[in-house]
Structures are given as C-alpha cells and as structure tokens.
Amino acid sequence: MDKALRIAWCVFSTLLFLGEPNWTGAAGTGDSLSKDADSAGGGGKERPSLYVTTILEDPYVMARDNGLEGYCIDLLEKLSETLHFKYEVAVVKDGKYGSLNPNGNWTGMIGEIVRKEADLAVAPLTITSERENVVDFTQPFLHTGIGILLEKESALEDASLFHFLAPFSTEMWGGVLVAYLVSSLCLFLAARMSPCEWDGNEETHFTFLNSLWFGAGALTLQGAVPQPKSLSVRIISAMWWIFSIVLLAAYIAGFSFVLESGTDQLSIETFEDLVKQRHLEFGTMESSSTLRYFKNSKNPIQQMIYESMTKKEGVLAKNYQEAIRRVLDSDYAFIGESISQDLAVARHCNLVRAVEVIGARGFGIATPQGSPWTNKLSVAILKLGESGDLDYLRSKWWESSCSDEDHDKWSPLKPQTLGGIFLLLALGLALGMIIAVVELSKKSRRAAEQEKVRSKLGCCPLL
C-alpha cells in the first residue's frame with residue numbers, strides 16, 4: 001500500500017513539475033488556426049488568448065492544407081509577437097463582412113464582434129462611420145479607395161482616324177511645325193542675302209513657297225529643287241536634312257511600337273464614363289461598404305451608379321472571387337476596393353484598373369467597444385508601419401506576375417526627348433544666317449570698290 005502511494009505521489013509530482021504544455025507553432029485544420037506567441041521575453045507570464053474572426057479573401061486570408069495563410073495572418077502573427085498574446089482564428093460563419101439588417105441586427109464579422117463572439121476581426125474590413133458606431137477600429141493597416149476593374153479588351157477604345165499621330169505628343173508635333181516654318185524662313189532669307197543664289201536680275205529661286213517645298217521634300221526623303229549653291233544655304237539645308245533623318249527614325253520606331261501594342265487608351269477612365277457607356281454592366285459586392293458608399297453619396301454621378309446597380313438584377317456579386325470571374329468571362333465592370341483590384345491586375349494580366357479612385361478609406365482591425373486591445377493594436381500597427389514591416393507584407397502578397405510587361409510600356413515622345421536635335425538645328429540656322437550676312441557684306445564691299453574704280457576711270461578722259 002505504501003509502495004502504491006509512493007508511486008502515485010511521484011506521478012503527481014512529475015505532472016505538477018512539467019505543467020500544462022503550450023503551443024509552440026501554428027497548427028490548424030480546415031478554416032481555423034491556433035497560435036501561441038513566442039514565450040521569449042514574456043517572463044513566464046500566462047499569455048492572454050484572443051478569438052479572431054476573419055473572412056476568406058485572396059490574399060488576405062486563404063485556406064491551405066495546413067491551415068490559413070495570407071496578409072492578415074502574417075499581420076496577426078507580427079502583432080502577437082509584439083503584444084505577446086495567443087490567438088485562435090476562425091472564418092466568419094455567414095461569410096460576410098458585416099452590414100445592418102432591416103431588423104436591426106448586424107451580420108458577418110461585425111455581428112460577431114457586437115455579440116462578443118469574437119475578440120478581434122482581422123480582415124480587409126473597411127472603416128466606416130456606421131460600423132464605428134457599434135465597434136471600435138484600430139489605426140488602418142492598409143489604405144485604399146473605390147476603383148473600377150475592367151477587362152482590357154472590352155475597356156480599350158478603338159483606334160481613331162488620327163492614330164498615326166500617336167508616336168509624338170501634341171507638344172512634339174507643335175515643335176516640329178515651328179521648326180519647319182522657321183527653317184523654311186531662314187532658308188528663304190539666306191538665299192535672298194547670299195549673292196551666290198542670285199540670277200542675273202538679282203533674284204533667287206528660293207522663294208518662300210519654294211523654301212517650304214524644299215523643307216517638305218527633305219522630311220519625306222524625296223529631295224527637291226532648287227539646289228543650294230552658297231555656303232550659308234547649304235549649311236541650313238544640311239542641318240534640316242539631319243533634323244529630318246533623326247525625326248523620321250524616331251517616328252518610325254514609335255509608330256511600329258504603336259501598331260504592335262495597339263492603343264492603351266481606356267474607353268472608361270472615370271465613373272462618369274462608366275455611367276455613360278452602354279456595352280458593359282457594372283456592379284459591386286452585395287452588403288458591402290462600397291454599396292453603402294454609393295447609397296449615401298450626394299454626388300449625382302454616384303447616385304446614378306447606385307440606382308443602376310439596384311434596379312438591374314444579377315449585377316451584385318456574392319463575393320470577391322465571383323466578381324473577378326465575371327469581369328474575366330463577361331462584359332462586366334466591377335466596382336470595389338482599389339487595393340484588391342490591384343491584386344487582381346497583378347494576378348491576371350488581361351485585367352486593368354481605371355485611373356479614377358474615389359472614397360479614400362482604410363482597412364482596420366475591429367474590436368468590441370471599450371476593448372483595451374484597441375489602443376494597443378493601434379500603437380503596434382503604427383510601429384510596424386514605421387519599421388517597414390507593413391510595406392514588406394504588401395510587396396510579399398501583391399507580387400505581380402505581369403512585371404515583365406511594365407518594361408514595354410511606352411508613351412508619346414515629347415520635345416525634351418529630342419531636345420538635342422532641336423538645339424543642333426537652331427545652331428545650324430543661326431550659323432547659316434551669320435554666314436549669309438557675311439556673304440552679303442562682302443558682295444556690298446566688292447560692289448562699292450568696283451563703283452569707285454569705275455568712277456575714277458570715268459574722270460580720266462576729261463583730264
């Protein structure tokens with residue numbers, strides 16, 4: 001009997017010494033995950049345990065064989081390391097972000113926070129005034145807005161009749177026109193001043209119209225008459241020929257690229273363009289903050305967008321994945337968070353986001369009202385932003401598979417691009433005009449000397 005008591009006491013002492021085991025790594029199955037923050041630096045104190053609700057949305061939270069992963073999971077891990085807490089993550093039961101029902105109850109993650117079924121909601125949850133009335137939000141960990149996601153082929157506008165002008169910008173074409181007129185004028189003036197260009201009646205073949213024709217012939221590499229004879233006119237002509245060759249080479253290179261790549265001009269760049277067009281349906285996610293934004297907006301264009309989305313059946317997507325699939329497979333434009341659309345553009349090279357972004361907003365972590373974790377998490381998020389951790393997570397999960405195409409982007413040439421050849425032409429014109437003045441002055445001096453000689457010879461018979 002004593003021996004049995006001694007064995008029982010040894011077993012009890014051993015269990016008491018070992019204590020309760022803690023989780024030392026992430027573990028999870030299905031749509032849940034548990035994690036105990038690293039015990040280093042905790043002084044052996046028991047870590048508080050938090051229940052976290054989230055929603056499946058790429059790349060924020062994604063289900064894998066060994067549990068959950070994504071931007072929000074990495075963010076939660078860094079917060080747990082900073083604030084030393086354990087957490088358990090589960091996907092929201094109804095699969096919704098959170099909106100107010102007609103009966104006054106909140107759905108989704110916001111509803112679970114309001115009912116205190118969860119301590120935190122870590123997800124791409126937009127901070128709105130309506131939600132702020134029932135829960136507390138931390139500082140935003142991501143900033144975003146409302147944009148338009150389009151399929152490239154359906155969004156690009158057809159090439160215009162003047163698409164051949166696309167290689168050069170408007171300023172560039174204006175510079176070429178000014179250079180052409182000034183060069184023709186200098187050619188005309190130099191020919192008028194240079195005696196070598198005169199015929200027997202002191203007239204020149206380089207009239208202003210002929211000078212314009214000469215310049216146009218050089219631009220098309222056809223050549224033109226009359227042929228320059230004087231040094232000044234030849235210098236001006238040579239500078240214009242060099243300018244024309246460089247200009248044509250730049251135009252041909254740009255135009256060939258335009259023909260290969262097609263037009264990059266979107267037919268829908270703003271929400272006003274979206275309302276005016278008729279070939280694309282558009283919508284957003286049902287029960288989303290984006291839909292409520294348009295509902296409460298006083299802007300006439302945004303009111304028209306809300307009316308169109310609510311009147312038409314089937315334009316509201318049930319989730320983000322369905323919205324992306326509809327944009328890819330049909331004539332559909334998706335209105336949603338711009339940062340999520342940037343991810344879709346990075347993953348699908350045939351998608352594009354319109355330029356205009358409205359309704360600047362942020363994603364924050366939701367906590368029950370009065371929770372002591374709100375301020376702690378806000379400070380921790382600010383520290384992560386200052387240390388560059390948030391930027392690292394953004395680059396990690398928003399990595400683009402279309403990065404190689406960015407090097408092929410092209411824009412019309414501007415005058416600054418060919419500024420050197422414009423400068424060379426200006427110097428050539430100035431040099432030609434100076435030489436023409438010198439030639440004219442020499443001719444005048446020679447004529448004056450000959451006149452003096454003739455006048456002296458005319459006086460000799462009288463003497």
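Arg 353 has a relative accessible area of 25% and is partly exposed. In this predicted model, Arg 353 is joined by a salt bridge to Asp 342, with 2.8 Å between the closest N and O atoms. Asp 342 belongs to helix H13 and Arg 353 to strand E11 (residues 351-353), so this contact ties together parts that are 11 residues apart in sequence. Asp 342 is likewise partly exposed, at 26% relative accessibility.

**Salt bridges**

The structure contains 9 salt bridges. Three of them are listed here, with the N to O distance.

| Acidic residue | Basic residue | N to O distance |
|---|---|---|
| Asp 342 | Arg 353 | 2.8 Å |
| Glu 130 | Arg 292 | 3.2 Å |
| Glu 112 | Lys 93 | 3.8 Å |

Arg 292 is in helix H10 (residues 289-296) and Glu 130 in helix H4 (residues 129-132), so their salt bridge ties together parts that are 162 residues apart in sequence. Arg 292 counts as buried at 15% relative accessibility, while Glu 130 is partly exposed at 29%.

The side chains of Glu 112 and Lys 93 also meet in a salt bridge. Glu 112 sits in helix H3 and Lys 93 in the loop between E5 and H3, so the pair ties together parts that are 19 residues apart in sequence. Glu 112 is buried, with a relative accessible area of 3%; Lys 93 is exposed, with 68%.

The loop between E5 and helix H3 (108-114) also holds Tyr 97, which counts as buried at 13% relative accessibility. Tyr 97 is separated from Ser 288 by 191 residues in sequence, yet their C-alpha atoms are 7.1 Å apart in space.

**Nonpolar core**

In soluble globular proteins, nonpolar side chains tend to be buried together. The largest nonpolar core here has 32 residues, and Tyr 60, Tyr 71 and Leu 79 have the most contacts inside it. At least two residues of this core come from each of strand E2 (49-54), helix H2 (71-83), strand E5 (86-91), helix H13 (338-347), helix H14 (373-387) and helix H15 (389-397). H2 supplies the largest share, 6 residues. Tyr 60 and Tyr 71 are also part of a cluster linked by ring pairs, together with Phe 141, Phe 363 and Trp 398.

**Aromatic contacts**

Across the whole structure there are 19 aromatic pairs. In one of them, the ring centres of Phe 85 and Tyr 87 are 6.3 Å apart and the planes meet at 65°, so the pair is edge-to-face. Phe 85 is buried at 0% relative accessible area, and Tyr 87 is buried at 4%. Trp 173 and Tyr 251 form an edge-to-face pair as well, with 6.0 Å centre to centre and 65° between the planes. Trp 173 lies in helix H6 and Tyr 251 in helix H8 (residues 231-261), so this pair ties together parts that are 78 residues apart in sequence. Trp 173 is partly exposed at 29% relative accessibility, whereas Tyr 251 is buried at 19%.

Charged side chains also lie over rings. Arg 326 is over the face of Tyr 332, 4.3 Å from the ring centre. Lys 376 is over the face of Trp 373, at 4.9 Å from the ring centre.

**Surface patch**

Phe 162, Phe 164 and Leu 165 make up a nonpolar patch on the surface, with a combined accessible area of about 290 Å². Leu 165 is located in the loop between helix H5 (152-155) and helix H6 (170-193), and counts as partly exposed at 32% relative accessibility.

Terms used: Residues numbered from 1 in each chain as written. Predicted model: local features only at pLDDT ≥ 70, side-chain atom pairs only at ≥ 80, totals over all residues. Heavy atoms only, no water. Patch = residues over 30% accessible without salt bridge, like charges linked within 9 Å, V, L, I, M, F, W, Y side chains within 5 Å. Areas by Shrake-Rupley, 256 points an atom, 1.4 Å probe, with all protein chains shown as cover. Salt bridge = Lys/Arg side-chain N within 4 Å of Asp/Glu carboxyl O. Helix = DSSP H or I, 4+ residues; strand = E, 2+ residues; numbered from the N terminus. Buried < 20%, exposed > 50% of the residue type's maximum accessible area, 1.4 Å probe, protein only. Phe/Tyr/Trp six-rings, centres within 6.5 Å; stacked < 30°, edge-to-face > 60°. Lys NZ or Arg CZ within 6 Å of the ring centre and 35° of its normal. Core = buried A, V, L, I, M, F, W, Y, C linked by side-chain atoms within 4.5 Å.
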